[in-house]
Amino acid sequence: MTDTRRRVKLYALNADRQWDDRGTGHVSSSYVDRLKGISLLVRAESDGSLLLESKIQPDTAYQKQQDTLIVWSEGDNFDLALSFQEKLGCDEIWEKICHVQGKDPSVEITQDIVEESEDERFDDMPDSAPPIELPPCEFNRLEQISDLISNCLTTPMKKEKLAAAIESDGYIRKLVNVFHMCEDLESTERLYHLYDIFKNIFLLNKNALFETMFSDDLIFDVVGCLEYDPSSPTPKRHREYLKKQAKFREAIPIKNAELLAKIHQTFRVQYIQDVVLPTPSVFEENLLSTLSSFIFFNKVEIVSLVQEDEKFLTELFSMLTDLNILTTKRRDLVLFLKEFCNYSQNLQPPGKETFYKTLSSLGILPALEITLATDDQKTKTASIDILTYIVEYSPSVVREFTLQRATNTDVDHILLNIIVDQMICDSDPELGGAVQLMGVLRILLDPENMLASVNKSEKTDFLNFFYKHSVQILISPLLENTENDTPQKEDYHNVQLLGLILELLSFCVEHHTYHIKNCILNRDLLRRILVLMKSTHKFLVLCALRFMRKLIALKDEFYNRYIIKGNLFAPVVDAFIRNQGRYNLLDSAIIEMFEFIKLEDIKTLCSHVVENYGRRLDDICYVQTFKALKLRYDQHQDKLKERNSLDGVPSILRNSRYRRDQRQMEEEEEMWFNEDDDFDDGSSVLNSSTDPPECMSDNFEYSKKLDSHLESIGVLEKKSMLESNLESIGSKAADKRVLYSATQQANAIEANGPSKQANNNSTSQKAIQAQQPIINNNATAATPTPSTEAPTVNAQAIGDGKVSLFKRGLVDYEGGDSDEDEETTDAGGGGGGGGGEESTSKRPRLS
């Protein structure tokens, strides 16, 4: 199982008609119970896993190509191929396939490619039908030959028999001899017939015929036959191009004759497929699959032959890094290396990994540092292509190389900075190289392909290097072009470059956090970018807007504060107003940004926009975005006011179960509180570390003040004010000290007697209002003295009417909200005659 005879590569044809490598392993044929038949098995040489398990079906068409290839189809549009390392192993498996199908191993195809209908089978009678006899290959029979070949293309069986007849009779060489005669005689009509004949021979899709036509002595004659297209008024000049114009340059002399012949053949066959042959129709796309396979395996063989010649590659890279080499010579070396990398794309993953490791060990990246910075445009373009191949396959190789060079190389000559510099200095009017290099930078800066790195610090180290040494080079054109708050250069080349830079910066905002934040803040980058909102190029305006949209999408308060502090919505609103409601992409993009702020409920940005630009945006009525934004802002403000009103209320009082019904203060009551003077800052606020005062004698002045107010307003207004004030205490009290203060006032009333109730009440009011800075009073309070013992309230004090007012303001007693209870209160103020429970359920009148 492990001998080299059975060593194979497995390929599958993809949707683009290209062969994909599925792995290398060893093939065998054995009976599989599950499939109930002899099957082909391929097991990976790396881990022994099963790469292929395919039953040899009796009606499947297997095709043998180039002595080392076996190709067949598994179902519809799924082609497989086995490429053998040795011809002997291919012959052994081919014999097994032919034995299962009952075919002679000498054939190159075992069955018809497409299953025919019953009528076709009956008409063709493949088992008994004689082989096709071709007419003599003569000058006057070309039309007959052309018609016969065209008719044979209708069924797979006829195509198979026709291909066998052409191959066995050496018919292609005979047709080439007739072609020489027709061309010498300038017989245009017969040359047209030869064009049709060779075009249809290509459509037979037979590898054996391709090998004959592409041999060195016949390929130019075959191309000559295809020059005389009947649809073209004049013959094409393909042979002239291949022989004279297409010159093969050997950057380094190739001494391997097999490699040299394979390179020439591959180029010419590729030219035939791409240029000479007519573009296949939808129905003919699959008819040239063998030709594509022929080119594919040629390229794989070329890469293998070059890699095996270590002396050749070593010489190539030594010349490439030579600073004294001629520009034309370096260009040829780079162009060869580009084609070499292009061919390597056909390798399977293990082979591709070996290929790029070989290039890295030989010094491909130091060589690119030289060739990327060259003034020769062709050399630079080819170098960008090579770098793209390397970065797409393994960006970690480039990142690791950059960090290694950073320790012993000038920053300007490090590969990463050369890439950035070449991007912003691209002289191409269409910025083709800059676009390609921007894609390279994007891959290198993508954190997602850093996660699987062996070096866990790669992400941190590389991003640190980029933002320390490279980002200033990247943004330099942006900063230069936005000086004085106006775009400096508006030519297409510059604005296109700025668009690429903004696209890359937007990518960094989305994928980087700490580093790009520092960059934006330290350089005030967003403000400079939003200067481009004044540009006359709408796509550049959209690029600047897209950058800001990326910042907002993060919903990061760091960026939100930065935008608000810098008033950075102003350029956006200005551009929106200048657009004058035109139905275009700019209008939609700006509206979408504000819609995002509303939907995501970004409160800080919502408030900033409405407060600063609400009036300018109020007239925008063709969308509801700005009205909805204003409504959302109003809702925020209402919630904020409600929250502020509850900030000082103990949690037990915030529950509606313990609150009286909310009634707004009457206008007279509000005026009474607003007319009072403010407390003195030094004495109006109770110290939170002290208990309520023990003695009420210090509050005598409070009582006198309150008495004068009560007399001026009247008994009914006094009652109304005190009730409202107590409600305010229940909903806005600062903390539990208010409740404790009310209890202290009740004790004071008990000690002073009924005649001093009004004064005690006023004193209590002053103490309570001292906790509420929003309610002004013109009385000045002294610093309270902490008490050492909490007084108790007896039944007589609880029955007192004034104490009931305090208790009603703090606790919602059962039945306490009814107007009937207010009218049936004891006029005597609750002497000692009533019990505690009875008196607390009544609200006494003030006497």
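**Exercise 1. Describe how helix α18 packs against helix α20 in this predicted model.**

Solution.
Step 1. Locate the helices: α18 covers residues 415-424, and α20 covers residues 458-481.
Step 2. Take the geometry. The two axes lie 10 Å apart and form an angle of about 20°.
Step 3. Classify the angle. Angles under 35 degrees count as roughly parallel, so α18 is roughly parallel to α20.
Step 4. Give the handedness: the crossing of α18 and α20 is right-handed.

**Exercise 2. State which residues make the contact between α18 and α20, and sort them by class.**

Solution.
Step 1. From α18, the contact uses L416, N417, V420, M423 and I424.
Step 2. From α20, the residues are F462, F465, F466, H469, S470, I473, L474, S476 and P477.
Step 3. Sorted by class, the contact of α18 with α20 holds 10 nonpolar and four polar residues, with no charged residues.

**Exercise 3. Decide whether K598 counts as buried or exposed, and list what K598 touches.**

Solution.
Step 1. Place the residue: K598 belongs to helix α27, which spans residues 585-599.
Step 2. Apply the cut-off. Buried means under 20% relative accessible area; K598 has 13% relative accessibility and therefore counts as buried.
Step 3. List the contacts. With residues up to four places away in sequence not counted, K598 touches T625, A628, L629 and R632.

**Exercise 4. Do the same for Q273, and give the C-alpha separation between Q273 and I295.**

Solution.
Step 1. Q273 is part of helix α10, residues 257-276.
Step 2. The relative accessible area of Q273 is 23%. Buried means under 20% and exposed over 50%, with partly exposed in between, so Q273 is partly exposed.
Step 3. Neighbours within four places in sequence are left aside; Q273 is then in contact with L291, S292 and I295.
Step 4. For one of these partners, I295, the C-alpha atom is 9.4 Å from that of Q273, and the two residues are 22 residues apart along the chain.

**Exercise 5. Summarise the whole protein in terms of secondary structure, burial, contacts and surface.**

Solution.
Step 1. Secondary structure: the protein has 39 helices and seven strands.
Step 2. Burial: 48% of its 847 residues count as buried.
Step 3. Contacts: among those with a separation of 6 or more, 68% join residues 24 or more positions apart.
Step 4. Surface: about 43,100 Å² is exposed, and carbon and sulfur atoms supply 49% of that area.

Key: Residues are numbered from 1 along each chain as its sequence is written. This is a predicted model: local features need pLDDT of at least 70, side-chain atom pairs count only at pLDDT 80 or more; totals for chains, interfaces and linings use all residues. Side-chain values use heavy atoms; hydrogens and water are left out. Axes are lines fitted to C-alpha atoms, for helices over the stretch in contact, and angles run from 0 to 180 degrees between N-to-C directions. Helices (H or I, at least four residues) and strands (E, at least two) are DSSP runs, numbered from the N terminus. Angles under 35 degrees count as roughly parallel, over 145 as roughly antiparallel, 65 to 115 as roughly perpendicular and the rest as oblique. A crossing is left-handed if the near helix is turned anticlockwise from the far one by less than a right angle, and right-handed if clockwise. Contact means heavy atoms within 4.5 Å. Ala, Val, Leu, Ile, Met, Phe, Trp, Tyr, Cys and Pro count as nonpolar, Asp, Glu, Lys and Arg as charged, and the others, Gly among them, as polar. Buried means under 20% relative accessible area, exposed over 50%, partly exposed in between (1.4 Å probe, protein chains only). Accessible areas come from the Shrake-Rupley method with a 1.4 Å probe; for residues, only the protein chains shown count as cover.
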